[in-house]
Amino acid sequence: MNETMPASFDELIQKHNLPVLVDFWAPWCGPCKMVAPVLQELAGQWKGRITIIKINTDEKPDIAARFHITGIPTLILFKNGQPVHRISGALSLEQMKQQFQTFL
């Protein structure tokens, strides 16, 4: 991505021209480790259609609390700054595509 990264999480989800999929995770979380390569594959397949970012809930507990993250991994898709779809748990690539493609 060649554009300048926004200064804050809020700026990213509100002003980004693509839907933003946020992965709330932590390094100690086993299912989060399973989701990481799936998200990398999804990012490659949907390049130019979606932006995927990761929020470490240990490092950013304030953001996690704002979105009532009680279990990880939790994925929230934002469009125009608003959450439009949310899932929790580890899913396969095909399951993720089914969950999110209608929002792109």
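Which side chains meet in a salt bridge with an N to O distance of 2.8 Å? In this predicted model, the side chains in question are those of K54 and D23. K54 belongs to strand β2 (residues 51-56) and D23 to strand β1 (residues 20-25), so the salt bridge ties together parts of the chain that lie 31 residues apart in sequence. The two partners differ in their surroundings: K54 is partly exposed, at a relative accessible area of 42%, whereas D23 is buried, at 0% relative accessibility.

The strands that carry this pair belong to an open sheet of 4 strands, arranged in the order β2-β1-β3-β4 with mixed pairing. The edges are occupied by β2 and β4 (82-88), each of which has a single partner strand, so one side of each is left without a neighbour in the sheet. From one strand to the next, the twist averages 20°. The pairing of β1 with β2 is parallel and extends over 6 bridges. Within this pairing, W25 has N56 of β2 as its bridge partner. Helix α4 packs on the sheet, where it touches β1, β3 (74-79) and β4. The direction of α4 makes about 150° with that of β4.

Helix α2 (residues 30-45) comprises 16 residues. From the first C-alpha to the last, α2 reaches 24 Å, which is close to the 22 Å expected at 1.5 Å a residue. Its buried residues are C32, V35, V38, L39 and L42. These buried residues of α2 pack against three strands of the sheet, namely β1, β2 and β3, and also against helix α4. Helix α4 is thus in the surroundings of both elements, as it packs on the sheet and also receives the buried residues of α2.

The loop between β2 and α3 holds T57. T57 counts as buried, with a relative accessibility of 13%. With neighbours within four places in sequence left aside, the contacts of T57 are F24, W25, A26, A64, I69 and I72. One of these contacts, W25, is the residue whose bridge partner in β2 is N56.

The count of salt bridges in the model comes to 3. Besides the pair K54 and D23, a salt bridge is formed by R66 and D10, whose closest N and O atoms are 2.7 Å apart. This pair links distant parts of the chain, with R66 in helix α3 (residues 61-66) and D10 in helix α1 (residues 9-15), 56 residues apart. Both partners are partly exposed: R66 has a relative accessibility of 42%, and D10 has a relative accessible area of 28%.

The side chains of E94 and K97 also meet in a salt bridge, with an N to O distance of 3.9 Å. A salt bridge requires the nitrogen to lie within 4 Å of the carboxyl oxygen, so a pair at 3.9 Å is counted. E94 and K97 are 3 residues apart in helix α4 (residues 93-100), a separation of about one helical turn. E94 is partly exposed at 47% relative accessibility, while K97 is buried with a relative accessible area of 17%.

Note on methods. Residues numbered from 1 in each chain as written. Predicted model: local features only at pLDDT ≥ 70, side-chain atom pairs only at ≥ 80, totals over all residues. Heavy atoms only, no water. Helix = DSSP H or I, 4+ residues; strand = E, 2+ residues; numbered from the N terminus. Buried < 20%, exposed > 50% of the residue type's maximum accessible area, 1.4 Å probe, protein only. Pairing = 2+ DSSP bridges. Axes fitted to C-alpha atoms, helices over the stretch in contact; angles between N-to-C directions. Contact = heavy atoms within 4.5 Å. Expected span 1.5 Å × (residues − 1).
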